[in-house]
Amino acid sequence: MARFSNQLGLSLLELLISLVLMGLISALSYPSLATIFRHWQGIEFENTVADEFAAQRFVRRRLQQLVPIFEREKSTREKLLVFQGDEQKTEFVTPISHFGATATSGLYRVVIKFTDDAGKDSQQLSFYHEIYRPGVEIDLDTVKPVEVIGGVSDGTIRYYSATRKQWRNSWDNYKRLPTAIKIDFGDQDGKQKTWVISIAVAASKRRANSS
């Protein structure tokens, strides 16, 4: 009877070498993949600046995923909500998912703000974001914004108070969130646009953080 000297399959040594090589390839390629995904996130709206629907969807997703985080004030140790806003900007914490990261590990402090278009007689709605660190606010002078929508005018942001049953021009209540946010602006054709976004769905998901 003929016997075959060659064995099919991999030996244990060959399997271990293959696993080591795969690990090295993954370790070397992950930084590049992470950079690519961060780049994609940064240019999410570069090709859709004029697309109002995409811009509104982006802002709505960020606000409806808002995480009501409380931080302790350093002098009084009182727990204060990380959310504030005026007619031109709103600051809060929200998850932004990255490749290989869960929503909870991708918390970002963000600012949505109306700014002047460089060299133009108009405004743009800009989005600033940095990884969330307790007690550390965004330095808008050092963070490069993403343009959400440009070529707008007379942009304002207002906040609905459920207790007072009225829209307010600013929000400095560090104990609770507004029920909704309203963003008004004039588009390039002079038409008035209004985005009303409810954020009450996040009110029950509160987290406390110590600074």
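Two helices and eleven strands: that is the protein chain on the screen. Keep in mind that this is a predicted model. Read along the sequence, the pattern is α-α-β-β-β-β-β-β-β-β-β-β-β. The chain has 211 residues, and 36% of them count as buried.

Let me start with helix α1. This helix covers residues 12-42, and Leu-16 is found in it. How exposed is Leu-16? Its relative accessibility is 45%, so Leu-16 counts as partly exposed. Leu-16 also belongs to a nonpolar patch on the surface. The other members are Leu-12, Leu-15, Leu-19 and Met-22. Together the five residues have about 510 Å² of accessible area.

Now the strands, in order. Strand β1 takes in residues 69-72 and runs antiparallel to β2, with three bridges joining the two. Within this pairing, Arg-72 stands opposite Lys-79 in β2. The two strands form a hairpin, with six residues between them. Look at Arg-77 in that turn: its phi is positive, at about 65°.

Next, β3 and β4. They run antiparallel too, joined by two bridges. Three residues make the link in this hairpin. Gln-84 stands opposite Glu-91 in β4. Stay on Glu-91 for a moment. Which residue is the bridge partner of Glu-91 in β5? That partner is Val-111. Put together, Glu-91 has Gln-84 opposite it and Val-111 as its bridge partner in β5.

That takes us to the β4 and β5 pairing. Strand β4 is residues 89-95, and its antiparallel pairing with β5 runs over seven bridges. β4 is mostly covered, with six of its seven residues buried. Strand β5 is residues 107-116, and it is mostly covered as well: eight of its ten residues are buried.

β5 has a pairing with β6 too. Strand β6 is residues 123-131, and the two pair in the antiparallel sense over nine bridges. A good residue to click on here is Ile-112. Thr-90 stands opposite Ile-112 in β5. Ile-112 also stands opposite Phe-127 in β6. The hairpin of β5 and β6 has six residues between the strands. In that hairpin Gly-119 takes a positive phi, near 75°.

Just past β6, find Arg-133. Its place is the loop between β6 and β7. Buried or partly exposed? Relative accessibility is 47%, so Arg-133 counts as partly exposed. Arg-133 and Leu-107 are 26 residues apart along the chain, yet their C-alpha atoms are separated by 8.8 Å.

On to the rings. How many aromatic pairs does the structure hold? Five. One of them is Phe-83 with Tyr-159. The centres are 6.4 Å apart, the planes are at 90°, and the pair is edge-to-face. What does this pair tie together? Phe-83 lies in the loop between β2, residues 79-81, and β3, residues 84-85. Tyr-159 lies in strand β7, residues 146-161, so the pair ties together parts that are 76 residues apart in sequence. Are these two residues buried or exposed? The cut-off for buried is under 20% relative accessible area. Phe-83 is at 2%, so it counts as buried. Tyr-159 is at 0%, so it counts as buried too.

A second pair is Phe-185 with Trp-195. The ring centres are 5.2 Å apart and the planes are at 85°, so this pair is edge-to-face. Phe-185 lies in strand β9, residues 180-186, and Trp-195 in strand β10, residues 192-198. They are ten residues apart in sequence, so the pair ties together those two parts. Both Phe-185 and Trp-195 are buried.

Back to Phe-83 and Tyr-159. Ring pairs link these two and Phe-92 into a cluster. By its number, Phe-92 falls within β4, residues 89-95.

One last ring, this time with a charge. The charged end of Lys-182 sits over the ring of Trp-167. The distance to the ring centre is 4.7 Å.

To recap with three stops. At the surface, see the patch with Leu-16. In the strands, see Ile-112, with Thr-90 and Phe-127 opposite it. Among the rings, see the cluster of Phe-83, Phe-92 and Tyr-159.

Note on methods: Residues are numbered from 1 along each chain as its sequence is written. This is a predicted model: local features need pLDDT of at least 70, side-chain atom pairs count only at pLDDT 80 or more; totals for chains, interfaces and linings use all residues. Side-chain values use heavy atoms; hydrogens and water are left out. Buried means under 20% relative accessible area, exposed over 50%, partly exposed in between (1.4 Å probe, protein chains only). Helices (H or I, at least four residues) and strands (E, at least two) are DSSP runs, numbered from the N terminus. Two strands pair if DSSP finds at least two bridges between them. Rings of Phe, Tyr and Trp (its six-membered ring) pair if their centres lie within 6.5 Å; planes under 30 degrees apart count as stacked, over 60 as edge-to-face and the rest as tilted. A charge sits over a ring if NZ of Lys or CZ of Arg is within 6 Å of the ring centre and within 35 degrees of the ring normal. Patches are made of residues with over 30% relative accessible area and no salt bridge: like charges are joined within 9 Å, nonpolar side chains (Val, Leu, Ile, Met, Phe, Trp, Tyr) within 5 Å. Accessible areas come from the Shrake-Rupley method with a 1.4 Å probe; for residues, only the protein chains shown count as cover. A salt bridge is a side-chain nitrogen of Lys or Arg within 4 Å of a carboxyl oxygen of Asp or Glu.
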